[in-house]
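Colleague: I have just opened my first model and would love some help reading it. Could you take me through the features one at a time?

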Amino acid sequence: VRTLRCPRWPNGARAAVSLTFDVDGEAALTAESSAFRTRLSSLSDQRFGIVRGLPRILTLLREAHVAATFYVPGATAERYPDEIGAIIADGHEIGHHGHRHLPPHQTSPQAQQEEVAAGLEAIERVLGVRPRGYRAPGWEVTPETFRHVHAAGFQFDSSFMADDRPYVEEHGGRALLELPVHWTLDDFPLLAFRPTFVGTLSPPDAVRDLWLRELGSAVLDGRHTTFTMHPEVIGRGSRFGVLEALVTVLMDREDLWVARHTDVADLYTAGDGVSS
Ligand SMILES: [Zn+2]
């Protein structure tokens, strides 16, 4: 772990925040088990994220003038070109999130390479953009996947948690700028439920309190913080208030810089030579 000097945030802001969304779609379930291909009811909850949760999120961000980063598996972009295309039309960033959403640690070295290559190819073909950031499905990077992501020329990763400030992950003599994540800043373990994953289904107010505390701590530190959400989780009516509360605070406070991951990475790479 190599720490980095914190850049000066634009507009005199004291801290920086990124809202990120993992738009998995059905791929999250079919990657877990091929048995899910015929479990139409389970799949429909993932479809909710695309057809109902995502538009809700995009409307809120548009009205608040907030740009965010959306990590999308290649196969999900292929399946929903219009819905995912709407993300780009609103000025948001698309990040790489695998192709079939296969978790690297449960995938052969050969298939890990294919996940990185096929995801890139699909996003470029369907959406016409090349992702600059990578986020591993399930946040589990292996040495093989780290090597492929580095070789593909990604500017940054967002799957590790060794610091709560951007830092450098180094493995096998290769270095990548890391915009770290954490389970406490992810709606999935806090609010989700799946047939194969017994989530806690916490009261939304508890999550809002947790996240606003993290934001307060980030301002005291002057650091950058990443929140991670899933449209099928945060996009449900009762939970959506958590995102609304977060966005309201981001709008009300002039000492916060709200930025896409690529914009934060640009600030860091301008100041330090983090890639090697
Ligand atoms: Zn995912």
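Colleague: Let me start with a single residue: is G199 buried or exposed?

Modeller: G199 counts as buried, because its relative accessibility is 13%. Buried means under 20% relative accessible area, exposed means over 50%, and partly exposed is in between, using a 1.4 Å probe and protein chains only. Keep in mind that this is a predicted model, where local features need pLDDT of at least 70, side-chain atom pairs count only at pLDDT 80 or more, and totals for chains, interfaces and linings use all residues. Residues are numbered from 1 along each chain as its sequence is written, and side-chain values use heavy atoms, with hydrogens and water left out.

Colleague: Where does G199 sit along the chain?

Modeller: You will find G199 in the loop between α7 (187-191) and α8 (204-221). Helices (H or I, at least four residues) and strands (E, at least two) are DSSP runs, numbered from the N terminus. From G199 to Y268 there are 69 residues in sequence and 35 Å in space, C-alpha to C-alpha.

Colleague: And how should I read T30?

Modeller: T30 has a relative accessible area of 27%, so T30 is partly exposed. This residue belongs to helix α1. Try the distance exercise here too: T30 and L43 are 13 residues apart in sequence, with 8.6 Å between their C-alpha atoms.

Colleague: Next, the metal. Which residues coordinate the zinc ion?

Modeller: To find donors, look for N, O and S atoms within 2.8 Å of the metal (3.2 Å for Na, K and Ca); water is not among the atoms, so sites may look incomplete. Here D24 is listed twice through OD, joined by H97 and H101, each through NE2, at 2.1 to 2.6 Å. Along the chain, the donors follow the spacing D-x72-H-x3-H. D24 lies in the loop between β2 (15-22) and α1 (27-30), while H97 lies in the loop between β4 (93-96) and α5 (109-127), so this pair ties together parts that are 73 residues apart in sequence. Both D24 and H97 are buried.

Colleague: Now the strands. Which of them run parallel to β3?

Modeller: Two strands pair if DSSP finds at least two bridges between them. β2 and β3 run parallel, joined by 3 bridges, and F21 stands opposite F70 of β3. β3 is also parallel to β4, this time with 4 bridges; there, T69 has E93 of β4 as its bridge partner. Strand β3 (residues 69-72) is covered on both faces, with T69 and Y71 buried on one side and F70 and V72 buried on the other.

Colleague: Which strands pair in the antiparallel sense?

Modeller: Follow β7 (residues 167-171), which pairs that way with β1 (residues 2-3) over 2 bridges. β7 also runs antiparallel to β8 (residues 174-178), over 5 bridges. V168 is a handy landmark: R2 stands opposite V168, and L177 in β8 is a bridge partner of V168. The hairpin of β7 and β8 has 2 residues between the strands, and G172 takes a positive phi near 55° there.

Colleague: What about empty space: how many cavities of 30 Å³ or more are there?

Modeller: The count is 1 cavity of 30 Å³ or more. On a 1 Å grid over the protein atoms alone, a cavity is a set of points where a 1.4 Å probe fits but cannot get out, and a pocket is an open set with protein on both sides within 12 Å along at least five of seven lines; lining residues have an atom within 4 Å of a point. The largest cavity holds about 50 Å³. Its lining includes G98, L102, Q112 and Y134, and α5 gives the most to that lining, with 3 residues.

Colleague: And which residues are closest to the centre of the largest pocket?

Modeller: The largest pocket has a volume of about 540 Å³ (grid points are joined across faces, edges and corners, and a volume is the space filled by probe spheres set on the points). Of its 23 lining residues, E32, H101, G138, F188 and R194 are the closest to its centre. You met H101 before, as a zinc donor. The second largest pocket comes to about 210 Å³, and T30 is one of its lining residues. α3 (74-79) and α1 each supply at least two residues of that lining, with α3 giving the most, 3 residues.
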